[in-house]
Protein chains: 2
Amino acid sequence: MIDLEIVLIELFVLVLLANVASIICKRFQIPVLVGVVLVGVLISNIIIDGQSIYSLLKLSDEENKAVFEVFAQLGVIFLLFTIGLETPLHELRRAGKTAALVAVMGVVIPFVAGLSLMLLFNYDMYQSLFIAAAMVVTSVGITVFVLRDLGMMETREAKVILGAAVIDDMLGLIVLSLVSGIAEGGSLNLIDIAAVAGLAVAFVLMVIFLTSTVPKARSSIGSKSEKKRRFHHPISPLPFALIICFGLSALASYLELAAIIGAFLAGMLFAEFKDIWPAEDKFNPINEFLVPFFFLQIGFLVNLSSLADGWVLFIAAALTLLAIVTKYAGGWIGAAKLGKRSANIIGVGMIPRGELGIIVAAIGLMAGILDESLFAIIVFMSLLTTIIAPSLISWSVKRKGKWGESFKSKPEKFQGD
Amino acid sequence: MIDLEIVLIELFVLVLLANVASIICKRFQIPVLVGVVLVGVLISNIIIDGQSIYSLLKLSDEENKAVFEVFAQLGVIFLLFTIGLETPLHELRRAGKTAALVAVMGVVIPFVAGLSLMLLFNYDMYQSLFIAAAMVVTSVGITVFVLRDLGMMETREAKVILGAAVIDDMLGLIVLSLVSGIAEGGSLNLIDIAAVAGLAVAFVLMVIFLTSTVPKARSSIGSKSEKKRRFHHPISPLPFALIICFGLSALASYLELAAIIGAFLAGMLFAEFKDIWPAEDKFNPINEFLVPFFFLQIGFLVNLSSLADGWVLFIAAALTLLAIVTKYAGGWIGAAKLGKRSANIIGVGMIPRGELGIIVAAIGLMAGILDESLFAIIVFMSLLTTIIAPSLISWSVKRKGKWGESFKSKPEKFQGD
């Protein structure tokens, strides 16, 4: 049985420190989550009497660790579900072509660049392929949190980023399957890989198709019988939303997509029932409670001592720089026709690799292809791209200034896509 | 690292089943939580291919178990915090004398009866003392959930039950300290026990004192400077509420009181700042998400096979019956002067032993005083008193009928206390 007293102390300390950091950040106009991530970094890296604060708080005990990992993951999952609730499908569709181009460019350029750099540094082909695969993914949680905070979720830049994240996740899965296949042995089973990728794509398309048919289906049932049903539906909004959210997140995860992509699609689907089951207000307090644990968790994963080796630090820095530049370039080129400033926002918005980069690294480590230092390098790259993104996004949005606002009221500008 | 996919599947299945049960219960006008507890019982007792559904879902894995235990405990903690937010201190104080009498009667009668019954059945003194101690506790989580559902939280019966729960918890701690002291060896260190009890009482009194001084302190600071501050306080309501809630719950737990008592007191304290930090609406969705896990957890703990032995089952049934009758009698006698019907509600409201009974049993088991079968008997008693209470409460409230309503508008009737 888990020791409740210790969990309560951990919760008390973490929520307290996260909020002290938030207050300080607000005072100095730094993005709040940067402060919260930093609290996480300090907790896991400050050593007292040979133990980090992280272990002193018993956060390293298997059970407690599991609890806070789940809090963190539910935080992003609910955040993306809420974003989905606020994203009408037709707006995402309108962003479709641009989003696809952003995703493709954001996969091809980092992959080629990452592969070249690692081969140049004399790493073997398999290792280089895996590291290149980790460069490809995009974790959109941090980006949407920042954009939402800035009141930017209604803009086309946000829609392009969301659409690109969905497509990027499918492309990333294909890249990872190919790379894993090559690494596991010369006999690349293309049929298996096509099956994995096909299922993932089919899942995404099916949820999107379902979402698009709901309005028609509901209007064909007729408004009268619907009104009647409204007083009879026996399930309340929040539990129903949770069921859809957990169901599609689990399914996405089972199909080796990111759980948050499932949550985002679930949110979009559930939004079609907003009038019967209004759930958006209910998720806000839950997110306010859970999302900070996601930022703390990112900080916990930063292990400053793993970078004590000069060569490792050099490769990590070079790879991180490349990861930032190439994703930015991919996004920028993909969104170029929306104008420089929009392309700028979309470019920086795609930079974070977050937990997805770490997952790729963990697969490589468990497959015996990556060693500890290469693993640390990818983790470093994933986290630094994630930590740096909020400031870049804030900067790019402020650069854009009032220009973005004007676009909100001119959605027809966007139909050219 | 915990497997997120499995946690998401567990969440999906549990939330889905809990809601199917809720819908069925509503249809047949059974208290919803009875259905949810039953789902928990079925999940942990239905065996497929030699494994319970509980283990098939991997809920028995240490890490997953920890996650859902924390969800369950946070569910009751937040529930009691919310109840505290809705309970003005002066109303609780008005119920003070009656609550104290209910608590004392509800400790003395079950203790004496439990001790006598077990000695009668030829259990040794130490075992009998421990079982009697487990009869003494009151877990008020289920009761307040039911009363809240029935819109009864404003009534004096609810205040008496809440006040009695706080006092009962302090008395229960004293009883448990005495019993543990006796069991650990003849040398009963009364000074240590007085210190433990004194600290717990001091904690409760201090929080109550703090709560009572807030209005005066705030009015002496003056309304002008307060208005000014209102626009400057840098922390938002929910995080601040969480910090107070986790802090006092952890402190209560550290002082060997129930964490939920700390949460309840924290809620009462925080309610004094309702105008600056309104948090009550924010807790409702969080509770809606987490509280069902508390009911499921109660069901998970029911192990029907431990009662396969006829003699054990007989003792368990006898003890449970005694636990119900004696707590009811204690509450009834303590609240008699409020009238038969109020005494009835308060009597049944005090019946559940919940997780507190199980905690006492676990202490006895770890101290080597209780064996597996006596442990199972206490768990059975704790759970059955908890499961049976909602129906009894609903019944007693309905019996009371409109009579209770009329009291709501006549609080002066209550000042005689």
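This passage describes how helices pack within chain A, how chains A and B meet, and where one glycine of chain B sits. The model is a predicted one.

Chain A offers a convenient place to start, with the pairing of helix α12 (residues 237–254) and helix α13 (residues 259–271). The axes of these two helices come within 7 Å and cross at roughly 140°, which makes α12(A) oblique to α13(A). The crossing of α12(A) past α13(A) is right-handed. On the α12(A) side, the residues that meet α13(A) are A241(A), I244(A), C245(A), L248(A), S249(A), L251(A), A252(A) and S253(A). Their partners in α13(A) include I261(A), L265(A), L269(A) and F270(A). By class, this contact has 13 nonpolar and 3 polar residues, and no charged ones.

A second pair in chain A is formed by helix α6 (residues 96–120) and helix α7 (residues 125–136), which pack at an angle of about 150° with their axes 8 Å apart. Here, too, the crossing is right-handed. From α6(A), the residues V107(A), P110(A), F111(A), G114(A), L115(A), M118(A) and L119(A) take part. They meet a set in α7(A) that includes Q127(A), L129(A), I131(A) and M135(A). The contact of α6(A) with α7(A) holds 11 nonpolar and 3 polar residues, with no charged residue.

Helix α4 (residues 62–85) and helix α14 (residues 280–301) of chain A provide a third pair, packed at about 135° with 7 Å between their axes. That angle makes α4(A) oblique to α14(A). In this case α4(A) passes α14(A) in a left-handed crossing. Among the contacting residues of α4(A) are F68(A), F71(A), F78(A) and F81(A), while α14(A) contributes F283(A), F293(A) and F294(A) among others. The residues of this contact divide into 15 nonpolar, 4 polar and 2 charged.

Still in chain A, helix α8 (residues 141–149) is mostly covered, with 7 of its 9 residues buried. The buried residues are G141(A), I142(A), T143(A), V144(A), F145(A), V146(A) and L147(A). Just after α8(A) comes G151(A), which takes a positive phi of about 70°.

Attention now turns to the interface. Each side is well matched in number, as 39 residues come from chain B and 39 residues from chain A. On the side of chain B that touches chain A, the elements giving two or more residues are α1 (4–27), α4 (62–85), α12 (237–254) and α14 (280–301) of chain B. Of these, α1(B) gives the most, with 12 residues. The residues on this side of chain B comprise 27 nonpolar, 5 polar and 7 charged. A turn of 180° and a shift of 0.0 Å along the axis lay chain B on chain A with an RMSD of 0.0 Å. The two copies are thus related as by a two-fold rotation axis. Moreover, 100% of the interface residues of chain B are also interface residues in chain A, so the copies meet through the same surface.

Finally, helix α14 of chain B holds the residue G299(B). G299(B) is buried, because 24 other C-beta atoms lie within 10 Å. Although G299(B) and G40(B) are 259 residues apart in sequence, their C-alpha atoms are 3.9 Å apart in space. Leaving aside neighbours within four places in sequence, G299(B) is in contact with V37(B), L38(B), V39(B), G40(B), V41(B), I43(B) and S44(B).

Note on methods
Residues are numbered from 1 along each chain as its sequence is written. Chains are lettered from A and ligands numbered from 1 in the order in which they are written. This is a predicted model: local features need pLDDT of at least 70, side-chain atom pairs count only at pLDDT 80 or more; totals for chains, interfaces and linings use all residues. Axes are lines fitted to C-alpha atoms, for helices over the stretch in contact, and angles run from 0 to 180 degrees between N-to-C directions. Helices (H or I, at least four residues) and strands (E, at least two) are DSSP runs, numbered from the N terminus. Angles under 35 degrees count as roughly parallel, over 145 as roughly antiparallel, 65 to 115 as roughly perpendicular and the rest as oblique. A crossing is left-handed if the near helix is turned anticlockwise from the far one by less than a right angle, and right-handed if clockwise. Two residues are in contact if their C-beta atoms, placed from the backbone, lie within 7 Å. Ala, Val, Leu, Ile, Met, Phe, Trp, Tyr, Cys and Pro count as nonpolar, Asp, Glu, Lys and Arg as charged, and the others, Gly among them, as polar. Copies are superposed by least squares on the C-alpha atoms of residues with pLDDT of at least 70 in both. A residue is buried if 20 or more other C-beta atoms lie within 10 Å of its own, exposed if 12 or fewer, and partly exposed in between; C-beta atoms are placed from the backbone.
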